[in-house]
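Okay, everyone, let me put the model up on the screen. I'll just walk through a few spots in it.

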Amino acid sequence: MSDLVEVEIVDFMDVVDAKGAAHTEYCIQVSCLGGSTWEVSRRYSAFSALYQRLRPSVPKLADLTFPRKSVVSTFADHTKQRRMQGFQEFLDVLMSFKPRPLELIEFLDYQFHVVDDFSGVPVLLQPPGVVQVPRRRSRELPSEGGEISEIRVAELGAAVINGGRAGDDDAGRGSPPGARKNRGRSSQETAAFLVRQLIVGLIVMLFLGTLYVHQMEGATQIS
(Lines give C-alpha, C1' and ligand atoms only; values in the text may rest on other atoms or scores of the structure.)
Protein backbone atom coordinates (compact mmCIF):
# COMPACT_ATOMS: atom_id res chain seq x y z
CA MET A 1 0.00 0.00 0.00
CA SER A 2 1.38 3.42 -0.96
CA ASP A 3 2.31 6.11 1.56
CA LEU A 4 2.23 9.87 1.21
CA VAL A 5 5.56 11.30 0.06
CA GLU A 6 4.93 14.93 -0.80
CA VAL A 7 2.06 17.40 -0.47
CA GLU A 8 2.64 20.73 -2.20
CA ILE A 9 0.39 23.70 -2.92
CA VAL A 10 1.18 24.55 -6.53
CA ASP A 11 -1.38 27.16 -7.54
CA PHE A 12 -4.62 28.95 -6.73
CA MET A 13 -7.70 29.78 -8.78
CA ASP A 14 -10.79 31.92 -8.42
CA VAL A 15 -14.07 30.02 -8.63
CA VAL A 16 -17.64 31.26 -9.03
CA ASP A 17 -20.31 28.95 -7.59
CA ALA A 18 -23.86 28.39 -8.84
CA LYS A 19 -25.15 31.32 -6.81
CA GLY A 20 -22.66 33.73 -8.40
CA ALA A 21 -20.46 34.00 -5.30
CA ALA A 22 -16.69 34.03 -5.91
CA HIS A 23 -14.02 32.39 -3.77
CA THR A 24 -10.42 31.21 -4.10
CA GLU A 25 -9.37 27.57 -4.13
CA TYR A 26 -5.80 26.40 -3.58
CA CYS A 27 -4.52 23.51 -5.71
CA ILE A 28 -2.68 20.78 -3.79
CA GLN A 29 -0.49 18.24 -5.59
CA VAL A 30 -0.24 14.92 -3.75
CA SER A 31 2.44 12.29 -4.44
CA CYS A 32 2.69 8.77 -3.02
CA LEU A 33 5.51 6.25 -2.74
CA GLY A 34 3.84 3.87 -5.20
CA GLY A 35 3.81 6.51 -7.94
CA SER A 36 0.22 7.70 -7.53
CA THR A 37 -0.24 11.46 -7.98
CA TRP A 38 -3.32 13.66 -8.06
CA GLU A 39 -4.50 17.18 -7.33
CA VAL A 40 -7.21 18.42 -5.02
CA SER A 41 -8.41 21.97 -4.50
CA ARG A 42 -9.48 23.39 -1.15
CA ARG A 43 -10.70 26.83 -0.14
CA TYR A 44 -9.69 28.83 2.92
CA SER A 45 -12.60 27.56 5.03
CA ALA A 46 -11.52 23.92 4.50
CA PHE A 47 -7.95 24.65 5.63
CA SER A 48 -9.26 26.59 8.61
CA ALA A 49 -11.62 23.78 9.64
CA LEU A 50 -8.77 21.25 9.48
CA TYR A 51 -6.52 23.53 11.53
CA GLN A 52 -9.15 24.12 14.23
CA ARG A 53 -9.86 20.39 14.40
CA LEU A 54 -6.23 19.34 14.85
CA ARG A 55 -4.88 22.22 16.93
CA PRO A 56 -5.93 20.78 20.34
CA SER A 57 -4.22 17.42 19.67
CA VAL A 58 -1.13 18.60 17.74
CA PRO A 59 1.18 20.69 19.98
CA LYS A 60 3.40 21.73 17.03
CA LEU A 61 0.51 23.76 15.61
CA ALA A 62 0.68 26.12 18.59
CA ASP A 63 3.89 27.63 17.16
CA LEU A 64 2.43 27.94 13.66
CA THR A 65 1.10 31.25 12.39
CA PHE A 66 -2.02 30.26 10.49
CA PRO A 67 -3.13 32.74 7.75
CA ARG A 68 -5.70 35.17 9.07
CA LYS A 69 -9.08 35.76 7.48
CA SER A 70 -8.97 38.93 5.39
CA VAL A 71 -12.12 40.86 4.58
CA VAL A 72 -10.75 43.79 2.59
CA SER A 73 -8.10 42.20 0.37
CA THR A 74 -9.40 38.64 0.07
CA PHE A 75 -8.89 38.48 -3.70
CA ALA A 76 -5.60 40.39 -3.80
CA ASP A 77 -2.69 38.39 -5.19
CA HIS A 78 -0.46 39.17 -2.23
CA THR A 79 -3.14 37.79 0.10
CA LYS A 80 -3.37 34.58 -1.91
CA GLN A 81 0.42 34.21 -1.98
CA ARG A 82 0.61 34.75 1.77
CA ARG A 83 -2.09 32.14 2.33
CA MET A 84 -0.35 29.66 0.03
CA GLN A 85 2.82 29.96 2.09
CA GLY A 86 0.95 29.61 5.39
CA PHE A 87 -1.08 26.62 4.17
CA GLN A 88 2.12 24.92 2.94
CA GLU A 89 3.77 25.34 6.35
CA PHE A 90 0.62 23.90 7.95
CA LEU A 91 0.66 20.85 5.69
CA ASP A 92 4.40 20.36 6.24
CA VAL A 93 3.82 20.10 9.98
CA LEU A 94 1.13 17.45 9.47
CA MET A 95 3.34 15.55 7.00
CA SER A 96 6.08 15.33 9.62
CA PHE A 97 4.02 12.85 11.61
CA LYS A 98 4.05 9.09 11.05
CA PRO A 99 1.49 7.74 10.82
CA ARG A 100 -0.17 10.68 9.08
CA PRO A 101 -3.18 12.16 10.88
CA LEU A 102 -6.39 10.58 9.59
CA GLU A 103 -7.88 14.05 9.16
CA LEU A 104 -5.10 14.90 6.69
CA ILE A 105 -5.69 11.65 4.80
CA GLU A 106 -9.36 12.52 4.37
CA PHE A 107 -8.55 16.15 3.52
CA LEU A 108 -6.36 15.02 0.59
CA ASP A 109 -8.93 12.51 -0.78
CA TYR A 110 -6.37 9.72 -0.33
CA GLN A 111 -9.10 7.08 -0.23
CA PHE A 112 -10.38 7.97 -3.71
CA HIS A 113 -7.04 7.86 -5.54
CA VAL A 114 -4.84 5.18 -3.98
CA VAL A 115 -5.55 1.47 -4.45
CA ASP A 116 -4.31 -1.52 -2.49
CA ASP A 117 -1.18 -3.06 -4.05
CA PHE A 118 -2.60 -6.59 -3.84
CA SER A 119 -6.35 -6.33 -4.36
CA GLY A 120 -6.36 -3.33 -6.72
CA VAL A 121 -9.35 -1.79 -4.93
CA PRO A 122 -9.57 1.61 -3.19
CA VAL A 123 -8.04 1.50 0.27
CA LEU A 124 -11.02 3.38 1.77
CA LEU A 125 -9.15 5.33 4.40
CA GLN A 126 -6.70 2.53 5.18
CA PRO A 127 -3.25 4.16 4.76
CA PRO A 128 -0.35 2.50 6.64
CA GLY A 129 -0.57 2.75 10.42
CA VAL A 130 -3.79 4.76 10.51
CA VAL A 131 -6.51 2.14 10.80
CA GLN A 132 -6.74 -1.58 10.30
CA VAL A 133 -7.81 -3.30 7.10
CA PRO A 134 -11.58 -3.98 7.33
CA ARG A 135 -12.53 -7.53 8.18
CA ARG A 136 -14.63 -9.67 5.89
CA ARG A 137 -18.32 -9.09 6.35
CA SER A 138 -20.36 -11.71 8.14
CA ARG A 139 -22.92 -13.77 6.31
CA GLU A 140 -25.46 -12.92 8.99
CA LEU A 141 -27.22 -9.63 9.60
CA PRO A 142 -24.98 -7.28 11.63
CA SER A 143 -25.72 -6.77 15.30
CA GLU A 144 -25.75 -2.99 14.90
CA GLY A 145 -25.85 -0.29 12.26
CA GLY A 146 -28.67 -1.82 10.22
CA GLU A 147 -26.45 -2.55 7.22
CA ILE A 148 -27.06 -5.74 5.21
CA SER A 149 -24.10 -7.45 3.55
CA GLU A 150 -24.13 -8.19 -0.17
CA ILE A 151 -24.10 -11.92 0.57
CA ARG A 152 -27.21 -11.63 2.72
CA VAL A 153 -28.96 -9.56 0.04
CA ALA A 154 -28.26 -12.31 -2.48
CA GLU A 155 -29.63 -14.93 -0.11
CA LEU A 156 -32.78 -12.94 0.55
CA GLY A 157 -33.25 -12.44 -3.19
CA ALA A 158 -32.95 -16.19 -3.69
CA ALA A 159 -35.67 -16.68 -1.12
CA VAL A 160 -38.05 -14.50 -3.14
CA ILE A 161 -37.20 -16.23 -6.43
CA ASN A 162 -37.73 -19.70 -4.93
CA GLY A 163 -41.16 -18.81 -3.64
CA GLY A 164 -40.17 -18.56 0.00
CA ARG A 165 -38.45 -21.94 0.28
CA ALA A 166 -35.11 -20.25 1.01
CA GLY A 167 -36.87 -18.02 3.53
CA ASP A 168 -38.14 -21.06 5.41
CA ASP A 169 -34.61 -22.41 5.56
CA ASP A 170 -33.32 -19.00 6.64
CA ALA A 171 -35.84 -18.88 9.46
CA GLY A 172 -34.38 -22.07 10.84
CA ARG A 173 -30.90 -20.61 11.07
CA GLY A 174 -31.70 -18.74 14.24
CA SER A 175 -33.40 -21.74 15.90
CA PRO A 176 -31.75 -23.70 18.70
CA PRO A 177 -29.67 -26.76 17.71
CA GLY A 178 -31.93 -29.65 16.69
CA ALA A 179 -34.99 -27.42 16.20
CA ARG A 180 -35.21 -28.05 12.45
CA LYS A 181 -34.60 -31.76 13.04
CA ASN A 182 -37.42 -31.82 15.57
CA ARG A 183 -39.72 -30.03 13.11
CA GLY A 184 -38.94 -32.70 10.50
CA ARG A 185 -39.58 -35.47 13.00
CA SER A 186 -42.89 -33.89 14.01
CA SER A 187 -44.00 -33.75 10.36
CA GLN A 188 -43.21 -37.45 9.90
CA GLU A 189 -45.17 -38.37 13.02
CA THR A 190 -48.16 -36.35 11.81
CA ALA A 191 -48.09 -38.10 8.44
CA ALA A 192 -47.90 -41.52 10.11
CA PHE A 193 -50.86 -40.64 12.35
CA LEU A 194 -52.97 -39.63 9.36
CA VAL A 195 -52.14 -42.89 7.58
CA ARG A 196 -53.20 -44.89 10.63
CA GLN A 197 -56.42 -42.97 10.86
CA LEU A 198 -57.13 -43.63 7.20
CA ILE A 199 -56.50 -47.39 7.61
CA VAL A 200 -58.80 -47.53 10.66
CA GLY A 201 -61.50 -45.69 8.73
CA LEU A 202 -61.26 -48.13 5.83
CA ILE A 203 -61.53 -51.13 8.20
CA VAL A 204 -64.61 -49.66 9.87
CA MET A 205 -66.24 -49.00 6.49
CA LEU A 206 -65.45 -52.56 5.34
CA PHE A 207 -66.94 -54.02 8.54
CA LEU A 208 -70.12 -51.95 8.23
CA GLY A 209 -70.45 -52.95 4.57
CA THR A 210 -70.10 -56.64 5.42
CA LEU A 211 -72.65 -56.33 8.24
CA TYR A 212 -75.11 -54.63 5.90
CA VAL A 213 -74.74 -57.42 3.33
CA HIS A 214 -75.45 -60.11 5.97
CA GLN A 215 -78.54 -58.26 7.15
CA MET A 216 -79.85 -58.01 3.61
CA GLU A 217 -79.28 -61.75 3.00
CA GLY A 218 -81.12 -62.60 6.26
CA ALA A 219 -84.05 -60.45 5.33
CA THR A 220 -84.27 -62.13 1.93
CA GLN A 221 -84.36 -65.64 3.45
CA ILE A 222 -87.13 -64.71 5.88
CA SER A 223 -89.26 -63.29 3.13
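So, T79: leaving out anything up to four places away in sequence, T79 touches S70, S73 and T74. One thing to keep in mind as we go is that this is a predicted model. T79 sits in helix α2, and it counts as buried because its relative accessibility is 0%, with the cut-off at under 20%. There's also a C-alpha distance for you: T79 and R68 are 11 residues apart along the chain, and their C-alpha atoms are separated by 9.7 Å.

Let's stay with α2 for a bit. Does its length make sense for a helix? What should the 19 residues of α2 span at 1.5 Å a residue? The expected span is 27 Å, and the end C-alpha atoms are 27 Å apart, so the two agree.

Now, which residues of α2 are buried? There's a whole list, including T79, K80, R83, M84, G86 and F87. Further along, Q88, F90, L91, V93, L94 and M95 are buried too. And what do the buried residues of α2 pack against? That would be strands β1, residues 4-16, and β2, residues 22-32, plus helices α1 and α3, the last one being residues 102-107.

Take the α1 partner. In general, two packed helices are described by the angle between their axes and the distance between the axes. Here α1, residues 44-54, and α2, residues 77-95, pack at about 35°, with the axes 12 Å apart. Left-handed or right-handed crossing? Left-handed, for α1 and α2. On the α1 side you've got Y44, F47, L50, Y51 and L54, and they meet R83, F87, F90, L91 and L94 in α2. By class, that contact has 9 nonpolar residues, 1 charged and no polar ones.

At M95, still in helix α2, we get a link back to the start of the chain. M95 counts as buried at 13% relative accessibility. Outside its sequence neighbours up to four places away, M95 touches L4, V5, E6, V7, R100 and L104. With V7, the separation is 88 residues in sequence but 7.8 Å in space, C-alpha to C-alpha.

Over to strand β2, where you'll find T24. T24 is buried, with a relative accessible area of 8%. Its side chain makes a polar contact with the side chain of D14, at 2.9 Å. Beyond four places in sequence, T24 touches F12, M13, D14, R43, Y44, F75 and K80. Two of those names came up already: Y44 is among the α1 residues that meet α2, and K80 is one of the buried residues in α2.

One more residue, L108, in the loop between α3 and α4. Buried or exposed? L108 counts as buried, at 0% relative accessibility. Setting aside neighbours within four places, L108 is in contact with L4, V7, I28, V30, W38 and V40. L4 and V7 are also on the list for M95. The C-alpha atoms of L108 and E39 are separated by 8.4 Å, with their positions 69 residues apart along the chain.

Zooming out to finish: the chain comes to 7 helices and 3 strands, and from the N terminus on the order is β-β-β-α-α-α-α-α-α-α. Buried residues make up 28% of the 223 in the chain. And of the contacts between residues at least 6 apart in sequence, 48% join residues at least 24 apart.

Notes: Residues numbered from 1 in each chain as written. Predicted model: local features only at pLDDT ≥ 70, side-chain atom pairs only at ≥ 80, totals over all residues. Heavy atoms only, no water. Axes fitted to C-alpha atoms, helices over the stretch in contact; angles between N-to-C directions. Helix = DSSP H or I, 4+ residues; strand = E, 2+ residues; numbered from the N terminus. Left-handed = near helix turned anticlockwise from the far one by under 90°. Contact = heavy atoms within 4.5 Å. Nonpolar A, V, L, I, M, F, W, Y, C, P; charged D, E, K, R; others polar. Expected span 1.5 Å × (residues − 1). Buried < 20%, exposed > 50% of the residue type's maximum accessible area, 1.4 Å probe, protein only. Polar contact = N/O pair within 3.5 Å; in protein donor to acceptor, adjacent residues only side chain to side chain.
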